[in-house]
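Subject: A structure to look through

Hello,

Here is the structure I promised you. Please open it beside this email and follow along as you read.

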Amino acid sequence: MYKVAIIGKQQPLVIRERMKAYLESQGYAADILYMPTRNALDWTDALKGYDGVISAGEKFPKEVFDQLRGSLKLLSRYGVGTDEIDKVAAAENGIAVCNAAGSLSTAVAELAMGIILSLLRSIPESDAEVRNNDWSRFFESRTGTQIEGKTVGIIGFGDISKALAKMLSGFGCRILAYDIRWDEAAAEQLHVEYADIDTIRSEADIISLHIPSTPETNGMINKEFLAGMKKNAILVNTARGRLVVAQDLADALNNGVIAGAGMDVFTPEPPEADNPLLTAKNTLLLPHTGACTIESHERAGMMAAKNMADFLGGRVVKTILNPDYKNHL
């Protein structure tokens, strides 16, 4: 009987128990393991003997896959992002890696939408002022900004971006998007215009990032990029912290180069005490909660479990991220 380990203590226990029950109903043995850190290298021995592991954002470096070679067959990601997993090393050890693509799209898009509205209307600041018996914003008629009619630039046009574009369409926005793999059919349906990154940077009132962390994208939001944005523009990042040079963004905010920024992701996480964004002006900072809804946890967890059951059962899993693992079996 194949054995599966379900790890990741930050996910709701009830979801992990449902995943366990599902795997057992499919004829597999499943254990919920509680790991002391988020680096699998610290507790690799606990995973030895398992045919499958369902992870939830833990770091899996090359050394882990080297040690699990011959036993582990699939690492199934409870979630979407896999930059913490050395997929090349997994493939070289004959281990497949998959994710729960699409399971978190609506949740992350809704949070991005919430950040945009909060920044435009200064919602967190207004709440704090009222709690401090400060109504000066009302008496002084300090104004916010409407989203209606604004140009929104989306960098990356995957599932999350498409969900966000659908929400934005109800506000009467002009929506620009860029992706290296352009989905013309979806763009036409959602009334999204293709634009290169330079056009998005110069024309968008709001820029929202929805791309993975790669050597090509890391640090793309830097001093030069920010200098080319509109002075009244805001930046939203619900993707990965590595996309943004934190010091450059903090300088741009403090010097009025752009109007505001909302960050749900940092490097590292949690951010260190000297991260310049913690004290930068006009920021909305959140603790990587884009995917944290009951619905998204349920969807991601059950998709990760189904991927595991399908893979071990010899069925096709569409979200395999390192298909060349077959060459190293």
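In what order do the seven strands of the open sheet come, and is the pairing parallel or antiparallel? Keep in mind as you look that this is a predicted model. The order is 8-7-6-9-10-11-12, and the strands pair in the parallel sense. Strand 8 and strand 12 are the edge strands, since each of them pairs on one side only. From one strand to the next, the twist averages 20°.

For a closer look at one pair, try strand 6 (residues 151-155) and strand 7 (residues 174-178). Five bridges link these two strands in parallel. You can find one of the partners by clicking on V152: its bridge partner in strand 7 is I175.

Next, the helices that lie against the sheet. Helix 4 (residues 105-121) crosses strand 9 (206-209), strand 10, strand 11 and strand 12, and it runs at about 150° to strand 10. Helix 11 also packs on the sheet, where it touches strand 10, strand 11 and strand 12. The direction of helix 11 makes about 145° with that of strand 11.

Helix 11 is a nice one to study in detail. It spans residues 246-254, and its buried residues are L249, A250, A252 and L253. Why do they sit on the same side of helix 11? They cover an arc of only 160° around the axis, and that places them on the same side. A general rule helps here: an α-helix has 3.6 residues a turn, so residues three or four places apart point the same way. What covers these buried residues includes helix 10 (223-227), strand 10 (234-237), strand 11 (260-263) and strand 12 (283-285). Just after helix 11 you will meet G256, which takes a positive phi of about 70°.

Now go to N237, which lies in strand 10. Is N237 buried or exposed? Its relative accessibility is 0%, so N237 counts as buried. A polar atom of the N237 side chain lies 3.0 Å from the backbone nitrogen of A239. Setting aside neighbours within four places in sequence, N237 is in contact with L209, L243, V244, G262, M263, D264 and V265.

The loop between strand 11 and strand 12 deserves a stop too. P268 lies in this loop, and a cis peptide bond joins T267 to P268, with omega of about -10°. P270 also has its place in the loop between strand 11 and strand 12. Here a cis peptide bond joins E269 and P270, with omega again about -10°.

Last, two residues that have a positive phi without being glycine:

- N133 has a phi of about 60°. You will find N133 in the loop between helix 5 (123-131) and helix 6 (136-139). With 68% relative accessibility, N133 counts as exposed.
- H191 has a phi of about 60° as well. H191 belongs to the loop between helix 8 (184-190) and strand 8 (192-194). Its relative accessible area is 64%, so H191 is exposed.

If you would like a place to begin, colour the sheet in the order 8-7-6-9-10-11-12, then turn to the buried residues L249, A250, A252 and L253 of helix 11.

Happy exploring, and write back with any questions!

Best wishes

Notes
Residues numbered from 1 in each chain as written. Predicted model: local features only at pLDDT ≥ 70, side-chain atom pairs only at ≥ 80, totals over all residues. Heavy atoms only, no water. Buried < 20%, exposed > 50% of the residue type's maximum accessible area, 1.4 Å probe, protein only. Helix = DSSP H or I, 4+ residues; strand = E, 2+ residues; numbered from the N terminus. Arc of directions from axis to C-beta. Contact = heavy atoms within 4.5 Å. Polar contact = N/O pair within 3.5 Å; in protein donor to acceptor, adjacent residues only side chain to side chain. Pairing = 2+ DSSP bridges. Axes fitted to C-alpha atoms, helices over the stretch in contact; angles between N-to-C directions.
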